[in-house]
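Trainee: Could you take me through one part of this structure slowly? I would like to see how a single strand fits in with its surroundings.

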Amino acid sequence: DVTELDVVNVRVYPNVESAIIEWELSLPADAQATVTSAAGKGVTVRSSTGESIRHTVEVRGLTPDEPYTYLIEANFRGRAAARETGVFRSLVMPPGR
């Protein structure tokens with residue numbers, strides 16, 4: 001019986017100016033991801049799946065070939081919170097674009 005909320009199986013699929021972030025939770029819960037650039041500019045995207053175990057968000061407006069950090073936050077009915085952080089790099093702009 002799982003009673004603790006954990007963020008697991010985080011996967012980031014970066015693109016040139018966007019990234020898809022997927023994750024799972026140990027309990028169905030609301031969740032969001034905040035992506036922040038090295039310059040401190042951040043954007044928060046709430047998962048549209050609501051209280052769920054699997055979550056996916058797409059973050060747009062990234063700068064090509066830049067490092068970013070992400071913070072995933074989940075809340076289970078106001079009782080438990082889980083956080084997970086990580087880093088990724090947006091892809092390099094292809095020549096001719």
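Mentor: Happily; here is a close look at strand β2, starting with the whole chain and then moving in.

A word on the ground rules: this is a predicted model, in which local features need pLDDT of at least 70 and side-chain atom pairs count only at pLDDT 80 or more, while totals for chains, interfaces and linings use all residues. Residues are numbered from 1 along each chain as its sequence is written, and side-chain values use heavy atoms, with hydrogens and water left out.

The chain has zero helices and six strands, where a strand is a DSSP run of E with at least two residues, a helix is a run of H or I with at least four, and both are numbered from the N terminus. Along the sequence, the pattern reads β-β-β-β-β-β. The C-alpha trace spans about 55 × 20 × 20 Å along its principal axes. Of the 97 residues, 34% count as buried; buried means under 20% relative accessible area, exposed means over 50%, and partly exposed lies in between, using a 1.4 Å probe and protein chains only.

Now to β2 itself. Of its 20 residues, 14 are buried, so β2 is largely enclosed by the rest of the structure. To see what surrounds this strand, let us go through its partners; two strands pair if DSSP finds at least two bridges between them.

Start with β1, residues 7-14, which pairs with β2 in the antiparallel sense over six bridges. These two strands form a hairpin with three residues between them, and V12 has I21 of β2 as its bridge partner. Next comes β3, residues 42-46, joined to β2 by five bridges and also antiparallel. Here too there is a hairpin, with four residues between β2 and β3, and G40 in the turn has a positive phi of about 95°. A33 stands opposite V45 in β3.

The other two partners are β4 and β5. Eight bridges join β2 to β4, and the two run antiparallel; I21 has V57 of β4 as its bridge partner. β5 is likewise joined to β2 by eight bridges in an antiparallel arrangement, with A33 standing opposite I72.

Let us turn to the side chains. In a regular strand, they alternate between the two faces of the sheet. The largest nonpolar core has 21 residues, and those with the most contacts inside it are L5, I21, W23, L25 and V35. Such a core is a set of buried Ala, Val, Leu, Ile, Met, Phe, Trp, Tyr and Cys residues joined through side-chain atoms within 4.5 Å. The elements giving two or more residues to this core are β2 (18-37), β4 (52-60), β5 (67-76) and β6 (80-89). The largest share, nine residues, comes from β2.

I21 is a good residue to click on. Leaving out residues up to four places away in sequence, its contacts (heavy atoms within 4.5 Å) include V10, V12, A33, V35, V57 and I72. You have already met V12 and V57 as bridge partners of I21.

Finally, look at S37, also in β2. Is S37 buried or exposed? S37 is buried, because its relative accessible area is 18%. With residues up to four places away set aside, S37 touches P67 and Y68.
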